[in-house]
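Me: I have a model open and want to go through a few helices and a pocket. Can you take my questions as they come?

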Amino acid sequence: MDSGRTSVTGTAFDEHFDEDAYIQTEQARKELGHRAAEDEAQAPTGPRKFQHGFWDPEVAHLRAIYIKILGMTVALLICVMWICFSTYWGSLGETAEHVPNLKGLVINRDATDGVLGQAIVAAFEANSRGDGVAPNAHLTWVVTDSSSLPTDGDVAHAVVEEHAWAAVVVNSAATSLLISARASGNSSYDPRTAITFYYNQGRNEIAANSFIVPYTTALLQSTLASFNAKLNSEFFESLASNSGETSQQALAAIAQAPQTVSQPFSYEAVNLRPYTKTASQAVLLVGQIYIIIFAFVITMTHDFARGIISPFLRFSSYARIRLFVPLVLYIPVSFSYAMVSLPFKLTFGAKYSYAGGFFLFWLFVYLGMAGLGLATEAMITLLTPRFIAYFLVTLIIFNVSVASVPIALQPSFYRYGYGFPVFNLAEAIRTIIFNTKNKLGLNAGVLLAWVALSMVTVPLFTWIVRRKDEREEKKKVVEANAVLA
């Protein structure tokens, strides 16, 4: 019913087509059709409706077509499966091997002679080289001068702005504070003030939960366990070598502040952007598959509906319908999609006001639906409804492959994801609901680029197929006139 599926009438290529001639041509077609039907009724040969079994010789040619269609479908599915599933499996299969691509900062604010800062820096440098851990089971730690990030706010900002995936800070005068607490019996001493570990779970919860937090905490715990044991050993050796009165004073101070011996140094983990709602997963990944499917449903429905009127439209009018009708239909569908999230209390107010965050979320959902939906609108022109499903599978899998885990944890092939809609839509949503780094301008630019590409391909593909249909229709009209003559 669309270009490539239903031929256009004479009015599609000639506005001044003679109406009487058109009616005569249609009458001639009907007359020829009636004659053919009468001849077929008189013929004793050929398959008869409702009269045969599947293996009857009379339907052998129809059976061959039936089997051929099914066989070709299975063959195409297998080809698509190997291409697309290999891409998706590959996006997840080697993530652990690329963990060193995740950069972390180590900042030592301890005094120059602070033994804790020296021990932590040495341990993290060794870990960055892969010493004492399984291959690639470590981040790449960069020792950063404290003057470049002088405050805790500066460190937090660096992690949130994605200059690094994590940061470990040995806090100012950490070693001297422990020595002072031991000497004075300071019961308020908190071992966790020695080290602070910053990370950003909202940037990517899989990277944070699977690699950044486990690897960093394991390194801190093992380093501090051995360092604390060594420090206590040296401390008690010094007590044993001192006079009895000095030792008694030291033991009395320890009794007042036992934490200075039981756990001299510890750390505090600070999640700068918590992954606060499990329902967020719905809009970050799975929901985006639904966006593609909803847009595809509109494409299929529009393909059927416009076939009713398209043969009678000029190309300019037809092209405008193909472009702008889907864009209008996406408005209520995307708004309804956004509304579904409201009862589940997604944190739309994390960065902007709650209302502002919600409407910004809807805007990006609309842009994502437009970018993805118009892509199917363009491709159905060439592939027709018979084969568009294969493009749909490819579109979904190539988009989803780069949206679940960070591209930094994937082979370099997957860097194409930076220019794909689902990745950019997910980044924009994270900014809105988790207050992560603001790249909304870039994200919107990529989505608009996809829309702009389809604004070119939809009319271009329509024009190519329309020209083919017009040539076929002219040929049919000429043949019909020849018969009447």
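**Helices and a pocket**

Reply: Start with helix H3, residues 115-128: its 14 residues reach 20 Å from first C-alpha to last, close to the 20 Å expected at 1.5 Å a residue. The expected span is 1.5 Å times one less than the number of residues, and helices (H or I, at least four residues) and strands (E, at least two) are DSSP runs numbered from the N terminus. This is a predicted model, where local features need pLDDT of at least 70, side-chain atom pairs count only at pLDDT 80 or more, and totals for chains, interfaces and linings use all residues. Residues are numbered from 1 along each chain as its sequence is written, and side-chain values use heavy atoms, leaving out hydrogens and water.

Me: Which residues of H3 are buried?

Reply: Leu116, Gly117, Ile120, Val121, Ala123, Phe124, Ala126, Asn127 and Ser128. Buried is under 20% relative accessible area, exposed over 50%, partly exposed in between (1.4 Å probe, protein chains only).

Me: What do they pack against?

Reply: The buried residues of H3 pack against strands S1, S2, S3 and S4, and helices H5 and H6. Contact here means heavy atoms within 4.5 Å.

Me: What follows H3?

Reply: Gly130, with a positive phi near 90°.

Me: Now H11. What does it span between its end C-alpha atoms?

Reply: Only 28 Å for residues 354-400, where a straight helix of 47 residues would span 69 Å. H11 bends by about 120° at Thr384, with Pro385 following within four residues. The bend is the angle between axes fitted to the seven residues ending there and the seven starting there.

Me: Trp362 is in H11 too. What does it touch?

Reply: Ile331, Ser334, Phe335 and Ala338, not counting residues up to four places away in sequence. Ala338 is 24 residues from Trp362 in sequence, and their C-alpha atoms are 5.5 Å apart. Trp362 counts as partly exposed because its relative accessible area is 23%.

Me: And Leu323 in H10, buried or exposed?

Reply: Leu323 is buried, with a relative accessible area of 8%. Its contacts beyond four places in sequence are Leu374, Ser454, Met455, Val458 and Pro459. Met455 is 132 residues away along the chain, with 6.7 Å between the C-alpha atoms.

Me: Last topic, the lining of the largest pocket. Which element gives the most?

Reply: H12, with six residues. By class, the lining has 11 nonpolar, five polar and six charged residues. Ala, Val, Leu, Ile, Met, Phe, Trp, Tyr, Cys and Pro count as nonpolar, Asp, Glu, Lys and Arg as charged, and the others, Gly among them, as polar.
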